[in-house]
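Have your viewer open and your selection tool ready. This tour goes stop by stop, telling you what to select and what you will find there.

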Amino acid sequence: MATDPTRRTPGHLNQRDTEARLPRATRVKNKAPSPIQITAEQIIRDARGCQDRSIKPPPMSKIADLDELSEYRLGERNLFEEKIGRADCGVSAWVRYARWEEQGDLARSRSVYERALRVPAQHRDHTLWVKYAEFEMRNGSVSHARNVWDRAVALLPRVDQLWSKYAHMEELLGAYANARQVFDRWMAWHPGTNGWDAYIMFETRYGETERTRAIYERLVDEHPLPDAFKRYAEFETKYGEAERAHRLYQRAAELLVADGKDPEVDATIARISPYEDAEAAIARILSASSLHSLLGWLGGPPPWAMACLGARCTGDKKAYMRTERPH
């Protein structure tokens, strides 16, 4: 005999009791905007008006003498010590503690930074080193700041920010020779192109053309990328050294021929007019190269391209005009 699922059995729940009873969906008949609009500012004003005015903030305590000041500072120091003693304490807690101590005692603030650096989890955090060095710079302790930067770059030589800020500090102090030494130490670690660019910009700001040219030479030796050759040639062109720029384009072309395997460059050459200047042609070839590798022509350059370049380099205008691109 079938059992009615809706029938209640003593001591048991039936199907109707276990069903989820949802409210009936209300159909909105009038979807037009309300004639009275309430803004967020009005809601905030109403909320403030509903606050209990009888609750007043605690009165501000006034420190009358040095004993009270010492007692207040001791209480605050204990709170900071409690925070940095927690297992989940991060660098920010140490920095807040050091900044608070900086208001009245530089030696205590310096001690807090040194204690923070002794924590194994924070010893290699470059942000903490930067905050420490900036604290010394902010308070005019140049020798201490140099000591911090030297320790930081010795521990973390691959962090470009430490080298950059160290060199910037020396530049602000007018110690340009020291700044160059910092840059040279940085370049000895073979950084990326950003580090070389910072060194070039530093020398360019002070009109050191020969120094800038020497840095560009080291750059293209260290990072023989198309963009590096282009910027080097543009630098020479800017200072009226057309022959140097010309040789740079030729050098870049030979390097790309020797090491490159990018078919995109070959397609670019096919679109170059044989009457176009060799410098502009090679510049377009370098622009078409991909940025992630040393690029060149797949299987070697077309004969007409190298003939065009050779004629242009030797100044043989007739031979240059005779070079024809195959169609």
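**Stop 1: the core**

Start with the largest nonpolar core of this predicted model, which has 53 residues. Select Y113, L128, W129, W149 and L162, the residues with the most contacts inside that core. Next, colour helix α4, residues 91–102: the largest share of this core, seven residues, comes from α4. As background, nonpolar side chains in soluble globular proteins tend to be buried together.

Now zoom out for a moment. The protein chain has 17 helices and zero strands. Of its 327 residues, 33% count as buried. Taking contacts between residues at least 6 apart in sequence, 50% join residues at least 24 apart.

**Stop 2: α5 against α6**

Select residues 106–117 for helix α5 and residues 126–138 for helix α6. How do these two helices run relative to each other, parallel or antiparallel? They pack at an angle of about 165°, their axes 10 Å apart, and are therefore roughly antiparallel, since the angle is over 145 degrees. The crossing of α5 past α6 is left-handed.

Show side chains at the contact. From α5, pick L106, S109, R110, Y113, E114, A116 and L117; these meet L128, W129, K131, Y132, F135 and E136 in α6. By class, the residues of this contact are eight nonpolar, one polar and four charged. Y113, L128 and W129 will be familiar from the core, where they are among the residues with the most contacts.

**Stop 3: α6 against α8**

Keep α6 selected and add helix α8, residues 160–172. The axes of α6 and α8 are again 10 Å apart, but the packing angle is about 10°. That is under 35 degrees, which makes α6 roughly parallel to α8. On the α6 side, the contact uses H126, W129, V130, E134 and M137, and on the α8 side Q161, L162, K165 and M169. Five of the residues in this contact are nonpolar, two polar and two charged.

Click on L162 and display its surroundings. Setting aside residues up to four places away in sequence, L162 touches H126, W129, V130, W149, A152, V153 and L156.

Then move to W163, also in helix α8. Is W163 buried or exposed? Its relative accessibility is 2%, so W163 counts as buried, the cut-off being under 20%. Beyond its neighbours within four places in sequence, W163 is in contact with V153, P157, V182, R185, W186 and W189. Try a distance label here too: W163 and A152, eleven residues apart in sequence, lie 8.9 Å apart from C-alpha to C-alpha.

**Stop 4: a loop residue**

Jump to H190, in the loop between α9 (176–187) and α10 (193–205). Check its backbone: phi of H190 is near 55°, a positive value in a residue other than glycine.

**Stop 5: α11 against α12**

Finish with helix α11, residues 209–222, and helix α12, residues 226–238. The two pack at about 160° with axes 10 Å apart, which makes α11 roughly antiparallel to α12. Look along the pair and you can follow α11 passing α12 in a left-handed crossing.

For the contact itself, select T209, T212, R213, Y216, E217, L219 and V220 in α11, then A228, F229, R231, Y232, F235 and E236 in α12. Coloured by class, this contact shows seven nonpolar, two polar and four charged residues.

How values were computed. Residues numbered from 1 in each chain as written. Predicted model: local features only at pLDDT ≥ 70, side-chain atom pairs only at ≥ 80, totals over all residues. Heavy atoms only, no water. Axes fitted to C-alpha atoms, helices over the stretch in contact; angles between N-to-C directions. Helix = DSSP H or I, 4+ residues; strand = E, 2+ residues; numbered from the N terminus. Parallel < 35°, antiparallel > 145°, perpendicular 65-115°, else oblique. Left-handed = near helix turned anticlockwise from the far one by under 90°. Contact = heavy atoms within 4.5 Å. Nonpolar A, V, L, I, M, F, W, Y, C, P; charged D, E, K, R; others polar. Core = buried A, V, L, I, M, F, W, Y, C linked by side-chain atoms within 4.5 Å. Buried < 20%, exposed > 50% of the residue type's maximum accessible area, 1.4 Å probe, protein only.
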